[in-house]
Amino acid sequence: MTHDQVDIVLIAAGWSGAVGAVGLLIAWLGRRASLRWLPVGVALVAVGAVVAGVIGTSRAMFLSSHDYGVILWVCVVAGMVSIVFSGLVGAAVVHWSGRLREGARSFGESGEYAGKVGGPAEFAALNDQLHETSGRLAESRERERQLEDSRRELVSWVSHDLRTPLAGLRAMAEALEDGMVDDPARYHRQIQAEVDRTVRMVDDLFELSQIHAGLLVPVFETVALGDLVSESLAGAESVAAAKGVRLGGQVEDGVLLRADPAAFSRVIGNLLMNAIRHTPADGVVEIRGRSHSEWVELSVSDGCGGIPDDEIDRVFDVAFRGGGARTPESGSGAGLGLAIVRGIVEAHRGRVEVDNLADGCRFLVQMPLLA
Ligand SMILES: Nc1ncnc2c1ncn2[C@@H]1O[C@H](COP(=O)(O)OP(=O)(O)OP(=O)(O)O)[C@@H](O)[C@H]1O
Ligand SMILES: [Mg+2]
């Protein structure tokens with residue numbers, strides 16, 4: 001570089017830099033103004049920096065006044081073109097952001113995002129993100145609606161399920177009182193069974209309300225999973241035998257669990273009873289236990305033939321009962337068993353899920369390993 005060229009660069013840098021600094025100051029002062037002005041400001045600073053550089057260096061470049069005029073005119077024309085161009089860019093950006101704002105506003109009102117904004121990648125990404133959020137909101141609204149329906153159904157079903165056996169009990173008691181009965185022993189047995197069923201349901205409701213109120217605090221003990229399973233199997237044996245269902249499976253030796261034994265036995269019992277109830281005669285119910293990396297796993301699989309797709313997500317909901325039928329005579333319960341299972345498992349910081357297998361389904365409980 002010659003001496004002159006160094007001078008020209010330094011002078012141009014000084015003048016253009018001054019324009020840049022002024023531009024920066026104005027941009028800072030106007031930082032809350034519309035995005036529309038940003039590209040215009042950038043174009044103005046760019047052109048201004050060139051013009052200032054030319055003016056500042058014209059003496060050092062020994063320009064004739066004619067050449068000087070030509071350069072300035074070229075700068076002015078180029079400047080106007082770039083300002084118009086940047087104005088258009090600014091208007092487009094404002095248009096896209098306006099559509100995003102309009103979409104977000106109606107999202108807030110209707111809860112559903114219906115915007116379709118193109119433009120720069122960032123706007124398109126924001127548009128996609130809003131669609132995704134809208135989808136997730138819709139899912140959780142649907143879930144909430146289903147839960148609300150379940151609660152409402154619970155009240156009407158429970159009153160129905162209680163009223164029917166109570167009416168039966170009253171009829172049987174009156175018949176006994178009137179001495180109109182040939183076989184009083186049968187009536188007594190039936191009364192006993194109805195009372196047991198009703199008491200079980202009221203107990204379930206009470207337990208569920210405790211769980212939902214956060215009052216179920218497990219009393220943790222270290223227990224052998226095998227022992228809990230054996231006890232539950234012994235309790236379910238007679239029901240399974242009466243139905244002709246075989247109970248199988250096994251628990252790995254020495255699997256220890258940190259849990260409230262009574263509550264966890266309830267979990268196993270509810271899962272076993274459901275499995276037996278939904279398995280046809282000659283079918284098999286298998287219960288397996290093992291410890292696995294961070295979890296102790298307990299699975300109960302049955303031969304129910306699979307839970308329908310539209311029901312499988314709801315089986316843990318309070319008062320959900322599959323198949324639609326809701327008569328106490330069908331021998332099914334109030335739809336509380338799995339809600340209690342989930343409540344207890346979650347109070348232990350575990351999780352429970354259900355999958356369909358080839359010809360049945362499998363409930364899997366995962367409990368955190370010993371702390
Ligand atoms: N092992 C299973 N196989 C197939 N379907 C099942 C099984 N366990 C539960 N279900 C379905 O999930 C629904 C809810 O089960 P849940 O145990 O909560 O209620 P329930 O057994 O009907 O009544 P409750 O347990 O209160 O006596 C059942 O009605 C049934 O449709
Ligand atoms: Mg049940």
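Colleague: Before we look at the ligand, what counts as a polar contact here?

Modeller: A polar contact is a pair of N or O atoms within 3.5 Å, and please keep in mind that the model in front of us is a predicted one.

Colleague: OK, so how far is an oxygen atom of ligand 1 from an N or O atom in the side chain of N274?

Modeller: The distance between an oxygen atom of ligand 1 and an N or O atom in the N274 side chain is 2.7 Å.

Colleague: And what about the backbone, say at G335 and L336?

Modeller: A polar backbone atom of G335 sits 2.9 Å from an oxygen atom of ligand 1, while for L336 a backbone N or O atom is 2.8 Å from an oxygen atom of the ligand.

Colleague: How much of ligand 1 does the protein cover?

Modeller: On its own the ligand has 590 Å² of accessible area, and the protein covers 91% of that.

Colleague: Which residues come nearest to it?

Modeller: There are 19 residues around ligand 1, and those that come nearest are N274, R277, D302, L336 and L338. Sorted by class, the shell holds 10 nonpolar, 6 polar and 3 charged residues.

Colleague: Which element gives the largest share of that shell?

Modeller: That is α7, with 4 residues, and the elements that each supply at least two residues are α7 (261-278), α9 (337-347) and β7 (361-368).

Colleague: Staying with α7, how does α6 pack with it?

Modeller: Helix α6, residues 225-243, packs with α7 at an angle of about 30 degrees, and their axes are 9 Å apart. Angles under 35 degrees count as roughly parallel, so α6 is roughly parallel to α7, and their crossing is right-handed.

Colleague: New topic: what about α4 and α5?

Modeller: Helix α4 (residues 121-177) and helix α5 (residues 184-212) have axes 10 Å apart and pack at about 155 degrees. Since angles over 145 count as roughly antiparallel, these two helices are therefore roughly antiparallel to each other, with a left-handed crossing.

Methods
Residues are numbered from 1 along each chain as its sequence is written. Chains are lettered from A and ligands numbered from 1 in the order in which they are written. This is a predicted model: local features need pLDDT of at least 70, side-chain atom pairs count only at pLDDT 80 or more; totals for chains, interfaces and linings use all residues. Side-chain values use heavy atoms; hydrogens and water are left out. A residue is near a molecule or strand if one of its heavy atoms lies within 4 Å of it. A polar contact is a pair of N or O atoms within 3.5 Å; within protein, one must be able to donate a hydrogen and the other to accept it, and residues adjacent in sequence count only if both atoms are side-chain atoms. Accessible areas come from the Shrake-Rupley method with a 1.4 Å probe; for residues, only the protein chains shown count as cover. Ala, Val, Leu, Ile, Met, Phe, Trp, Tyr, Cys and Pro count as nonpolar, Asp, Glu, Lys and Arg as charged, and the others, Gly among them, as polar. Axes are lines fitted to C-alpha atoms, for helices over the stretch in contact, and angles run from 0 to 180 degrees between N-to-C directions. Angles under 35 degrees count as roughly parallel, over 145 as roughly antiparallel, 65 to 115 as roughly perpendicular and the rest as oblique. A crossing is left-handed if the near helix is turned anticlockwise from the far one by less than a right angle, and right-handed if clockwise.
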